[in-house]
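Student: Please take me through this structure label by label. For each term I would like to see the value, the cut-off and the conclusion.

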Amino acid sequence: MKHSNFKTNVHNLVLAAMFLALALVLPFLTGQIPQIGGMLLPMHLPVFLCGLICGWQYGLVIGLCLPLVRSMIFGMPPIFPTGIAMTFELAAYGLIVGLVYQAARQKNTLSVYRALIIAMIGGRIIWGIVRVLLTGVGSQAFTWHLFLEGALLTAIPGIILQLILIPILMAAL
């Protein structure tokens, strides 16, 4: 293995660990009022940044681990059905945002927006599919209304925050 590849891998691993730690503590800023946390989506920001900065592999792994680790350590989100659905949703965010941004010819603000929007749509679709599949295991039916409410309506402030903050952070970096 070349020294520069090793250095890059270690750098990305350290950054991914930092994004995981950040995602574990950010919900405490909104944790006193769960409705605000559900609207601002604090765990999503570090996953998107990890996928953009470190690449899709790291974004995928951090997205997969984050809800499960946070659920085991802090009891939030509840593992079923929220934590399981979030695991797939965040993994999709990290994977898709990283792949789309990596495929961009130019790494600019437009590329960041394109990657974010595609990842947001893809992750929310994955979240909806997983929630539908979990309906067979759970007692509450997952309706189209619940999908729209959970994937879009209550998430609008978080989506706006992500679309403003992430491109600014990427430009600063």
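Tutor: Let us begin with helix pairs: angles under 35 degrees count as roughly parallel, over 145 as roughly antiparallel, 65 to 115 as roughly perpendicular and the rest as oblique. The angle runs from 0 to 180 degrees between N-to-C directions, and the axes are lines fitted to C-alpha atoms, for helices over the stretch in contact. This is a predicted model, in which local features need pLDDT of at least 70 and side-chain atom pairs count only at pLDDT 80 or more, whereas totals for chains, interfaces and linings use all residues. Residues are numbered from 1 along each chain as its sequence is written, and side-chain values use heavy atoms, with hydrogens and water left out.

Student: What does the protein chain consist of, in helices and strands?

Tutor: The protein chain has nine helices and zero strands, where helices (H or I, at least four residues) and strands (E, at least two) are DSSP runs numbered from the N terminus. Of its 173 residues, 42% are buried, a term that means under 20% relative accessible area, with exposed over 50% and partly exposed in between (1.4 Å probe, protein chains only).

Student: Why are α4 and α9 called oblique to each other?

Tutor: Helix α4 (residues 44-53) packs against helix α9 (residues 156-172) at an angle of about 40 degrees, with the axes 11 Å apart. That angle falls in none of the three named ranges, and α4 and α9 are therefore oblique. Their crossing is right-handed, the term for a near helix turned clockwise from the far one by less than a right angle, anticlockwise being left-handed.

Student: Which residues in α4 and α9 meet?

Tutor: H44, L45, F48, L49, L52 and I53 in α4 meet L161, Q162, L165, I166, L169 and M170 in α9, contact meaning heavy atoms within 4.5 Å. These residues divide into ten nonpolar, two polar and no charged, given that Ala, Val, Leu, Ile, Met, Phe, Trp, Tyr, Cys and Pro count as nonpolar, Asp, Glu, Lys and Arg as charged, and the others, Gly among them, as polar.

Student: What makes α4 a mostly covered helix?

Tutor: Nine of the ten residues of α4 are buried, including H44, L45, F48, L49 and L52.

Student: Why is the pair of F28 and F74 called edge-to-face?

Tutor: The structure holds two aromatic pairs. Rings of Phe, Tyr and Trp (its six-membered ring) pair if their centres lie within 6.5 Å, and planes under 30 degrees apart count as stacked, over 60 as edge-to-face and the rest as tilted. The ring centres of F28 and F74 are 4.9 Å apart and the planes stand at 90 degrees, so this pair is edge-to-face. Because F28 lies in helix α2 (residues 27-30) and F74 in helix α5 (residues 56-74), the pair ties together parts 46 residues apart in sequence.

Student: Are F28 and F74 buried, exposed or partly exposed?

Tutor: With a relative accessible area of 44%, F28 is partly exposed, and F74, at 37%, is partly exposed as well.

Student: What is the phi of L41, and is L41 buried or exposed?

Tutor: L41, in the loop between α3 (34-40) and α4, has a phi near 50 degrees, a positive value in a residue other than glycine. Its relative accessible area is 10%, so L41 is buried.

Student: Which residues does a cis peptide bond join?

Tutor: One joins M76 and P77, with omega about -5 degrees, P77 lying in the loop between α5 and α6 (79-103). Another joins F80 and P81, where omega is about -5 degrees, and P81 has its place in helix α6.
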